[in-house]
Amino acid sequence: MRLGKIGQRVLAILGNTVVAFLVLPILVVIPLSFTPGTVFDFPPDGLSLRWYQDFFGDERWISAAWLSIRLGVAVAITSTALGLLAAIALTRYIKKGAFLVRGLLVAPLIVPPIVTAVAVFDIYVRVGLLRTFPGLVVAHTILALPFAVLLIESALRAVDFGPFEAALSLGATNRRAWRMVVLPGITPALVASAVFSFLISWDEVVLVVFIGGARSQTLPLRMFEFIETQIRPTLAAVSSLIVYVIAAVLTIAYLRYRRSISSPDRT
Amino acid sequence: MSRGGWRRRTRRRPYRDSLVGLALLLPCLVVVLLFFAYPLIGVFVRSVSDPAPGISNYVEIFSSRAFRNILRLTVEVSLLTTVGCLVLGFPVAWYITTLEKRRAQLFLVLSTAPLWVAILARLYAWTVILGRRGLINDSLAAMGLVQEPLDLLFNTRAILIGMIHVMLPFMILVLYSSMSGVDESLVESADSLGARPRQTFVRIYLPLISPGLIAGSLLVLIMSMGFFILPAVLGGGGDITIPIYVQTQIRLFKWGIASAMSMILLIVTLALFALLTKVFDPKSVVVGGSRR
């Protein structure tokens, strides 16, 4: 519903202000990351890369970041693989009880993270998975699975299985028919599931606070403990690095999207 | 979509098919049942058995004043966050629906961009802005407006600001998809039949987007109640919400009371979620969004 001229102008001001409220605070870390002093000085007296050196020169930061990357990749692989298997079962083999199974797999999305953390902590103490890499992978896989299953299942439902059956009746093996006919149709969903799973693990703190520790300190956990105990702006450098990566990815995605919507219009 | 082929197959070998299905589901089920569902039941059992069997933990929670304060703070902060997100999200979502496609896309990317930035980077930014030697206090002092730095950080208000900042993108997404699904011809026909803009808004537009308003609010409410990291970073010592309390009790190995608190949070969340699925079919978001 469009407003009158004045209304539209008011709406534009409100809209832009709120979007600025969303975006600008995050960018504050960038000037801070380049200040030579330990607190925010504006205008800054000079530029310095010392906080970036603090990050790259500190073994603990680097190993935390490296752990988070490995963890994210492991979670992306396991949750997408398990999600694919489950999605195949739910679309093609299970009729009765599919509703229940889906509910169970999606439940970690609804249960508050703190409650999941208490439950996972409890079982990990008993089976000895506390502060271990496999323990972190399993915990994050539980959180990522809902997205993997839902994404892949909806892609599988959109696949036309006619050619698949045709390939089978023409003598293709089951595996070959899957690879040649079904896989191309669900590849975007598999990629999306892997990316989502990585990001969920990459940004997860609540479970890690409970089940991670000194030797399994992920980047978010180190940031969390740093924020609680330190005032050095090393975190500004870390946060800025994160912002740079996200900004680059979003810009590329947006430009590609713009090209994709503008090209059909011209022809 | 032709699924006739495999339907025929399933009819031929239903037993084998459900076996294959189960085998495919097995890895998922093992992980989720063993490391999620089973210990979750364990949390419930602990809540009614530790330290003594019975509902003493729950009685304690609801009868003690300190506990009631924890519950009240959690609900209050979550409700205020929801209202804040509605008030701020509504104009943005509406504004985006009035833009042409390219600019709309840009605004959608900008307003959801914070979601992609690590939560701790966002919270750290707020500590930089609100801290005693932070951006706001520095600027106020430089302008000579304050002598002493204001206490903007480590209190309930800081939690609220952070919560609204973190939740707003979700609200905008839900509201936008609901608003962009509105059939403009309904609005136009109301206009052409002589309705005043306010009438059109209240009688036509608001009812059409009300499922989105309710769904967005419930979504924000549900997520806000479970927030742990945010109040831990931005709140002060007195700002104990349910998740914060649960964590401190686990640290002290007081499993019974922590489990009971977890269960209360879980039950409220599930009740709100049930309400959400009642008023709003998640699929309609997608349909509403793509109709434009």
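Reader: Why are H4(A) and H7(A) called oblique to each other?

Author: Happy to explain, and please keep in mind that this is a predicted model. Helix H4 (residues 59-93) of chain A packs against H7(A) at an angle of about 45°. Angles under 35 degrees count as roughly parallel and 65 to 115 as roughly perpendicular. The value of about 45° belongs to neither range, so H4(A) and H7(A) are oblique. Their axes are 6 Å apart, and the crossing is right-handed.

Reader: What makes H5(B) and H8(B) oblique?

Author: The reasoning is similar, with another value. The axes of helix H5 (residues 101-116) and helix H8 (residues 156-179) of chain B cross at roughly 140°. To count as roughly antiparallel, an angle has to be over 145 degrees. Roughly 140° does not pass that limit, and therefore H5(B) and H8(B) are oblique to each other. These axes come within 8 Å, and the crossing is left-handed.

Reader: Which residues make that contact between H5(B) and H8(B)?

Author: From H5(B) come B:Leu108, B:Ser111, B:Thr112, B:Pro114 and B:Leu115. H8(B) contributes B:Val166, B:Pro169, B:Phe170, B:Ile172, B:Leu173 and B:Tyr176.

Reader: Back to chain A: how do you know that the length of H7(A) agrees with what a helix should span?

Author: Helix H7 covers residues 133-158 of chain A, which is 26 residues. At 1.5 Å a residue, H7(A) should span 38 Å. Its end C-alpha atoms are 36 Å apart, so the two values agree.

Reader: Where does H7(A) bend, and by how much?

Author: The bend is at A:Ala144 and amounts to about 45°. A proline, A:Pro146, follows within four residues.

Reader: What makes the pair A:Thr132 and A:Gly135 a polar contact at the start of H7(A)?

Author: Here a side-chain oxygen of A:Thr132 reaches to within 3.0 Å of the backbone nitrogen of A:Gly135. The cut-off for such a pair of N or O atoms is 3.5 Å, so this pair meets the distance limit.

Reader: What kind of peptide bond joins B:Asp50 and B:Pro51?

Author: That bond is cis, with omega at about 5°. You can find B:Pro51 in the loop between helix H2 (14-47) and helix H3 (56-63) of chain B.

Reader: What is notable about the phi of B:Phe154?

Author: B:Phe154 is not a glycine, yet its phi is positive, about 60°. Look for B:Phe154 in the loop between helix H7 (135-142) and H8 of chain B. B:Phe253, also not a glycine, has a positive phi of about 60°. B:Phe253 lies in the loop between helix H12 (242-251) and helix H13 (255-279) of chain B.

Note on methods:
Residues are numbered from 1 along each chain as its sequence is written. Chains are lettered from A and ligands numbered from 1 in the order in which they are written. This is a predicted model: local features need pLDDT of at least 70, side-chain atom pairs count only at pLDDT 80 or more; totals for chains, interfaces and linings use all residues. Side-chain values use heavy atoms; hydrogens and water are left out. Helices (H or I, at least four residues) and strands (E, at least two) are DSSP runs, numbered from the N terminus. The expected span of a helix is 1.5 Å times one less than its number of residues. The bend at a residue is the angle between axes fitted to the seven residues ending there and the seven starting there. A polar contact is a pair of N or O atoms within 3.5 Å; within protein, one must be able to donate a hydrogen and the other to accept it, and residues adjacent in sequence count only if both atoms are side-chain atoms. Axes are lines fitted to C-alpha atoms, for helices over the stretch in contact, and angles run from 0 to 180 degrees between N-to-C directions. A crossing is left-handed if the near helix is turned anticlockwise from the far one by less than a right angle, and right-handed if clockwise. Contact means heavy atoms within 4.5 Å.
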